[in-house]
Amino acid sequence: MPTARVLRDIKARHGVNANEILRRAYLYVARNQTLPPQVRFQAQLQLNTFGRYTRPTTVKNRCTATGKGRGIISEFGLSRYQFRLKALANELPGVHKASW
């Protein structure tokens with residue numbers, strides 16, 4: 001069962017993906033110095049109406065198994081410890097312990 005942190009992160013990822021194009025368009029208009037100030041101001045107001053989970057900075061890599069936010073191996077979405085446990089249990093395809 002995923003923790004509340006993981007569910008919040010999933011919600012943020014979906015929100016960012018759903019609103020990315022529109023948000024970038026408003027940002028472009030708001031930062032464009034050649035446009036009239038009134039148009040830029042309206043774009044800034046539209047940016048302010050977006051929800052909390054539409055900003056890309058709210059997305060944080062978290063372990064999908066435990067919800068930890070540190071030491072994440074992004075290819076697998078697992079923390080270092082969970083990655084080690086799953087690799088030793090042969091639950092990750094193509095991953096095995098190296099020895100020489």
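G67 is buried in this predicted model, and the reason for that label is its relative accessibility of 2%, which falls under the 20% limit. The residue sits in the loop between helix 2 and strand 1, the latter spanning 72-73. Although G67 and A4 are 63 residues apart in sequence, their C-alpha atoms are 8.2 Å apart in space. When neighbours within four places in sequence are set aside, the residues in contact with G67 are T3, R5, V6 and R62.

R62 leads on to a second buried position, since R62 is also in contact with D9. D9 belongs to helix 1, and its relative accessible area of 9% is under the 20% limit, so this acidic side chain counts as buried. With neighbours within four places in sequence again left aside, D9 touches T58, V59 and K60 as well as R62. For K60 the geometry can be given in finer detail, as its backbone nitrogen lies 2.9 Å from a polar atom of the D9 side chain.

From D9 the reader can follow helix 1, which covers residues 4-31, towards its packing against helix 2, which covers residues 37-48. Two packed helices are described by the angle between their axes and the distance between the axes. Here the axes come within 8 Å and cross at roughly 145°, and the crossing is left-handed. On the side of helix 1 the contact is made by R23, Y26, L27, V29, A30 and R31, and these meet V39, R40, A43, Q44, Q46 and L47 of helix 2. Sorted by character, the residues of this contact comprise 7 nonpolar, 2 polar and 3 charged.

A further feature to examine is the pairing of aromatic rings, for which the count comes to 2 pairs. In the pair formed by F76 and F83, the ring centres are 5.1 Å apart and the planes stand at 45°; because this angle is neither under 30 degrees nor over 60, the pair is classed as tilted. The two partners fall into separate accessibility classes: F76, at 32% relative accessibility, counts as partly exposed, whereas F83, with a relative accessible area of 18%, is buried. The value for F83 is under the 20% limit, while that for F76 lies between 20% and 50%, and this is why the labels are not shared.

Terms used
Residues are numbered from 1 along each chain as its sequence is written. This is a predicted model: local features need pLDDT of at least 70, side-chain atom pairs count only at pLDDT 80 or more; totals for chains, interfaces and linings use all residues. Side-chain values use heavy atoms; hydrogens and water are left out. Axes are lines fitted to C-alpha atoms, for helices over the stretch in contact, and angles run from 0 to 180 degrees between N-to-C directions. Helices (H or I, at least four residues) and strands (E, at least two) are DSSP runs, numbered from the N terminus. A crossing is left-handed if the near helix is turned anticlockwise from the far one by less than a right angle, and right-handed if clockwise. Contact means heavy atoms within 4.5 Å. Ala, Val, Leu, Ile, Met, Phe, Trp, Tyr, Cys and Pro count as nonpolar, Asp, Glu, Lys and Arg as charged, and the others, Gly among them, as polar. Rings of Phe, Tyr and Trp (its six-membered ring) pair if their centres lie within 6.5 Å; planes under 30 degrees apart count as stacked, over 60 as edge-to-face and the rest as tilted. Buried means under 20% relative accessible area, exposed over 50%, partly exposed in between (1.4 Å probe, protein chains only). A polar contact is a pair of N or O atoms within 3.5 Å; within protein, one must be able to donate a hydrogen and the other to accept it, and residues adjacent in sequence count only if both atoms are side-chain atoms.
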